[in-house]
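Me: Hey, I've just opened this one and don't know my way around yet. Can you walk me through a few spots?

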Amino acid sequence: MPDAPEIPEAKDPFDKRVALTIAILAICLSFIANLGDNSKTSSILRTSEASDQWNYFQAKSTKAQLAAMHGDLIMRLSSDERSDDARNRAVQLGKDAQRYDVEKGEIKKQAESLVAQARNFSAVNDRCDQAALLLQIAVIVCSVAILGQSHKFWWLGMILGVAGIVVGATAYFI
């Protein structure tokens, strides 16, 4: 196994400060990227749960419609004497249709709540993506500062890094 190349030690105080800046930016980037990934996963899960609720809502709508039509059909096809069983069955189907309509309202509220949660998590993810982009550019600019021994690039990298941290911090307040 070949020996790993030696990493040169930073002797210049400027190189050390920039390297420390890059390390801090990388740590902040990892936290923000982790928050963004968790938010993306939560958004996907909430969207899936909302889809399940909307499917359940649709099923209740279908059941309510079928119960109402079945009850109406029983009433129309019954003889004039109308047997008690047919009448009771038609009344029960009407009650079932009303119950399904009430249940649909509750399901709709839950589905809308899940959609709102998914949008919120998606907004957090978008904000984290913006912050991560700024932090990645900041790391690159600081790396260029070491290569070019440029204090201007270092300051630009720090400004971009602070902007990325601020944008990432606002994701916690969405």
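**A nonpolar patch and its surroundings**

Reply: Sure. Ile140, Val144, Phe153 and Leu156 make a nonpolar surface patch of about 330 Å². Keep in mind that this is a predicted model.

Me: Which elements give two or more residues to that patch?

Reply: Those are H2 and H3.

Me: Where is leucine 156 found, and how accessible is it?

Reply: Leucine 156 is in helix H3. Its relative accessibility is 38%, so leucine 156 counts as partly exposed.

Me: And valine 141, is that buried or exposed?

Reply: Valine 141 counts as buried, because its relative accessibility is 12% and the cut-off for buried is under 20%. It lies in helix H2.

Me: What does valine 141 touch, leaving out residues up to four places away in sequence?

Reply: With those left out, valine 141 touches Phe153, Leu156, Gly157 and Leu160. Take Phe153: 12 residues separate it from valine 141 along the chain, and their C-alpha atoms are 6.0 Å apart.

Me: Back to H2. What span should it have, and what do its ends say?

Reply: H2 has 65 residues, so at 1.5 Å a residue it should span 96 Å. The C-alpha atoms at its ends are 95 Å apart, which agrees.

Me: What happens just after H2?

Reply: Glutamine 149 comes there, with a positive phi of about 50 degrees. It sits in the loop between helix H2 (84–148) and helix H3 (151–170).

Me: Why point out a positive phi?

Reply: Because most residues other than glycine have a negative phi. Glutamine 149 is not a glycine, yet its phi is positive.

Me: Is glutamine 149 tucked in or partly exposed?

Reply: Partly exposed, since its relative accessible area is 40%.

Me: New topic: how many disulfides turn up in the whole structure?

Reply: Zero. Cysteine 128, for one, is in no disulfide, and the nearest cysteine sulfur, in cysteine 28, is 12 Å away.

Me: Why no bond for cysteine 142?

Reply: Its closest cysteine sulfur, in cysteine 28, is 12 Å away, so that is too far for a bond. A disulfide would need the two sulfur atoms within 2.5 Å.

Me: Are cysteine 128 and cysteine 142 buried or exposed?

Reply: Cysteine 128 counts as buried, with 1% relative accessibility. Cysteine 142 counts as buried too, at 0%.

Technical notes
Residues are numbered from 1 along each chain as its sequence is written. This is a predicted model: local features need pLDDT of at least 70, side-chain atom pairs count only at pLDDT 80 or more; totals for chains, interfaces and linings use all residues. Side-chain values use heavy atoms; hydrogens and water are left out. Buried means under 20% relative accessible area, exposed over 50%, partly exposed in between (1.4 Å probe, protein chains only). Helices (H or I, at least four residues) and strands (E, at least two) are DSSP runs, numbered from the N terminus. The expected span of a helix is 1.5 Å times one less than its number of residues. Patches are made of residues with over 30% relative accessible area and no salt bridge: like charges are joined within 9 Å, nonpolar side chains (Val, Leu, Ile, Met, Phe, Trp, Tyr) within 5 Å. Accessible areas come from the Shrake-Rupley method with a 1.4 Å probe; for residues, only the protein chains shown count as cover. A salt bridge is a side-chain nitrogen of Lys or Arg within 4 Å of a carboxyl oxygen of Asp or Glu. Contact means heavy atoms within 4.5 Å.
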